[in-house]
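This report walks through one protein chain, from its overall fold to single residues. Look at the structure first, then read on.

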Amino acid sequence: MLDSCITLPEPGSEIPSRQVAAPIMLGKALAEKLEVTCGDNLNLIALSKEAKLKKDTAAAFGRYRVSGIFEIGFYEYDASLAFLGLPEAQRFFKMADRITGVEIELEDINMTPLLEDKVLEALGYHFWIKTWK
């Protein structure tokens with residue numbers, strides 16, 4: 001279930017100004033814990049492992065506007081997940097144009113072994129695959 005509350009920019013378009021908070025979607029239980037709802041602003045801070053060890057290391061920081069609240073039905077996800085658009089997540093985590101993972105959902109889980117080999121072959125040797133098995 002998704003409660004979308006703000007009209008989002010078209011995919012691929014840029015947020016017009018950093019004064020305008022970028023959209024973020026929160027799991028329902030997380031939104032309740034933070035006492036935020038659609039349209040509210042929140043600050044997101046992420047500490048790296050290095051930042052936790054060194055007090056002088058800068059953390060990632062961003063200001064966001066809650067654009068939607070989702071409920072997957074699995075409490076651990078609903079209480080801990082937040083989603084940013086890919087360009088904003090890359091900016092926040094200083095990832096340039098890189099990504100760290102892709103999830104693929106199959107209609108037929110019995111196709112996993114066949115597709116696992118094909119996907120790994122297409123990606124090349126720098127990558128690895130983790131399946132449900």
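## Fold

Read along the sequence, the protein chain runs β-β-α-β-α-β-α-β-α-α. That pattern holds 5 helices and 5 strands. The model is predicted. The protein chain has 133 residues, and buried residues make up 20% of them.

## Nonpolar core

The largest nonpolar core has 14 residues. Which of them touch the most other members? They are Ile 24, Leu 26, Val 36, Tyr 64 and Val 66.

Three elements each supply at least two residues of this core: strand S2 (22-27), helix H1 (28-34) and strand S4. The largest share comes from S4, with 4 residues.

## Aromatic pairs

The structure holds 4 aromatic pairs. Phe 70 and Phe 83 form one that is tilted, at 5.3 Å centre to centre with 50° between the planes. This pair links distant parts of the chain. Phe 70 sits in strand S4 (residues 60-70) and Phe 83 in strand S5 (residues 82-83), 13 residues apart. Is each ring's residue buried or partly exposed? Phe 70 is buried, because its relative accessible area of 8% falls under 20%. Phe 83 is partly exposed, with a relative accessible area of 41%.

The rings of Phe 92 and Phe 93 have their centres 4.7 Å apart. Their planes stand at 90°, so the pair is edge-to-face; the cut-off for that class is over 60 degrees. Phe 92 is buried, at a relative accessible area of 2%. Phe 93 is partly exposed, at 48%. Both belong to one aromatic cluster with Tyr 64. Tyr 64 is also among the residues that touch the most other members of the largest nonpolar core.

## Largest pocket

How much space lies in the largest pocket? About 810 Å³. It is lined by 21 residues. The closest to its centre are Val 102, Glu 103, Ile 104, Ile 129 and Lys 130. By class, the lining divides into 12 nonpolar, 5 polar and 4 charged residues.

Glu 103 is found in the loop between helix H4 (86-92) and H5. Glu 103 counts as exposed, because its relative accessibility of 75% is over 50%. Lys 130 follows 27 residues along the chain from Glu 103. The C-alpha atoms of Glu 103 and Lys 130 are separated by 9.6 Å.

## The loop between H4 and H5

Glu 103 shares this loop with Lys 94 and Thr 100. Lys 94 has a positive phi, near 55°, in a residue other than glycine. Lys 94 counts as exposed, at 63% relative accessibility.

Thr 100 is exposed too, with a relative accessible area of 76%. What separates the C-alpha atoms of Thr 100 and Phe 127? The distance is 9.9 Å, for residues 27 apart along the chain.

## Helix H5 and its end

Does the span of helix H5 agree or disagree with its residue count? Helix H5 covers residues 112-123, which is 12 residues. The expected span is 1.5 Å times one less than the number of residues, so H5 should span 16 Å. The end C-alpha atoms of H5 are 16 Å apart, which agrees.

Just after H5 comes Gly 124. Gly 124 takes a positive phi of about 100°.

## Another positive phi

Glu 35 is placed in the loop between H1 and strand S3 (41-46). What is the phi of Glu 35? The value is near 55°, positive in a residue other than glycine. Glu 35 counts as exposed, at 72% relative accessibility.

## Recap

Two places are worth viewing together. One is the aromatic cluster of Tyr 64, Phe 92 and Phe 93, where Phe 92 is buried and Phe 93 is partly exposed. The other is the largest pocket, where Glu 103 and Lys 130 are among the residues closest to the centre.

Definitions and conventions:
Residues numbered from 1 in each chain as written. Predicted model: local features only at pLDDT ≥ 70, side-chain atom pairs only at ≥ 80, totals over all residues. Heavy atoms only, no water. Phe/Tyr/Trp six-rings, centres within 6.5 Å; stacked < 30°, edge-to-face > 60°. Buried < 20%, exposed > 50% of the residue type's maximum accessible area, 1.4 Å probe, protein only. 1 Å grid on protein atoms, 1.4 Å probe; cavity = no way out; pocket = protein on both sides within 12 Å on 5 of 7 lines; lining within 4 Å. Points joined across faces, edges and corners; volume = space filled by probe spheres on them. Nonpolar A, V, L, I, M, F, W, Y, C, P; charged D, E, K, R; others polar. Core = buried A, V, L, I, M, F, W, Y, C linked by side-chain atoms within 4.5 Å.
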